[in-house]
Amino acid sequence: MLDISTIRLGKVLKVNEQPYLVVYALHFRTAQRRANLKTKLKNLVDGSVLEKTFTSGEKAEEADLERGHASFLYIEGNEANFMNSESFEQFSLSKENVGEGISFLKDGTEVSVLNFEGHPVAVQLPAKIELKVTSAPPGIKGDTAGTATKTVTVETGYQVNAPLFIKEGDVIRINTETGEYVERVAS
């Protein structure tokens, strides 16, 4: 059981027999009252969001999650399909459960899988991922004052702002948490 002082962003709690990820947590105290914790919890099974306030002394149960590894296979309709790296079993998650990370997935991308009671409920991408630039407008000579950027498209179809020297065929590293360009990868 978790005390409200140990509930932080990224923790997964068990609420109503479902796993919920803490996506927002604010500790506050009202005049001469006990400490409270206001949270927003994202259901890892159906993607719904629950707002819950915990009061001082209240306990929360941490969800029993197992971590595993899988490879991304393909997208079909509204489902992203993966293969478990240990058992080679295939499973699918809705695009909503994968979240913004769907924009960075290409065939064979290794991800961490969160399993709740033996069933996959979410995936976590690596912090940075390397993708090939498939479309990049030419940089304009002399337009380099400051931090000039241009919008390039990578192999997954995702568009990102990158420096003017990035050209089609380059491999770039992208931060999967922010969706921003990090650096060009040496060939």
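**Close-up views of a predicted model**

**View 1. The β2-β3 hairpin.** In β3, the residue that serves as bridge partner of Val-15 is Gln-18, and this pairing, like everything shown in these views, is taken from a predicted model. Strand β2, which covers residues 12-15, runs antiparallel to β3 and is joined to that strand by four bridges. Two residues lie between the strands of this hairpin, where Asn-16 takes a positive phi near 50°.

**View 2. Asn-16 in its loop.** Asn-16 belongs to the loop between β2 and β3, and its phi, near 50°, is positive although the residue is not glycine. Most residues other than glycine have a negative phi. The relative accessible area of Asn-16 is 66%, and because exposed means over 50%, the residue counts as exposed.

**View 3. Phe-88 between β8 and β9.** The loop that holds Phe-88 connects β8 (79-84) with β9 (90-94). Phe-88, again a residue other than glycine, has a positive phi near 65°. With a relative accessibility of 58%, Phe-88 is classed as exposed, because this value lies over the 50% cut-off.

**View 4. The pairing of β3 with β4.** Strand β3, made up of residues 18-29, and strand β4, made up of residues 35-43, run antiparallel and are joined by nine bridges. Leu-21 has Lys-42 of β4 as its bridge partner, while Phe-28 stands opposite Asn-36, which is also in β4.

**View 5. The six-stranded sheet.** The strands of this open sheet, six in number, follow the order β1-β6-β2-β3-β4-β5 and pair in the antiparallel sense. At the edges lie β1 (2-3) and β5 (49-55), each of which pairs on one side only. Strands of a sheet pair through backbone hydrogen bonds.

**View 6. The largest pocket.** The largest pocket holds about 750 Å³ of space, and 30 residues line it, with Leu-21, Val-98, Val-123, Gln-124 and Leu-125 lying nearest its centre. Two or more lining residues are given by each of β3, β4, β7 (65-76), α1 (95-98) and β11 (119-124). Strand β11 provides the largest share of the lining, namely four residues. By residue class, the lining of the largest pocket consists of 15 nonpolar, nine polar and six charged residues. Leu-21 thus appears in two of these views, as the bridge partner of Lys-42 in β4 and as one of the residues nearest the centre of the largest pocket.

Terms used:
Residues numbered from 1 in each chain as written. Predicted model: local features only at pLDDT ≥ 70, side-chain atom pairs only at ≥ 80, totals over all residues. Heavy atoms only, no water. Pairing = 2+ DSSP bridges. 1 Å grid on protein atoms, 1.4 Å probe; cavity = no way out; pocket = protein on both sides within 12 Å on 5 of 7 lines; lining within 4 Å. Points joined across faces, edges and corners; volume = space filled by probe spheres on them. Nonpolar A, V, L, I, M, F, W, Y, C, P; charged D, E, K, R; others polar. Buried < 20%, exposed > 50% of the residue type's maximum accessible area, 1.4 Å probe, protein only.
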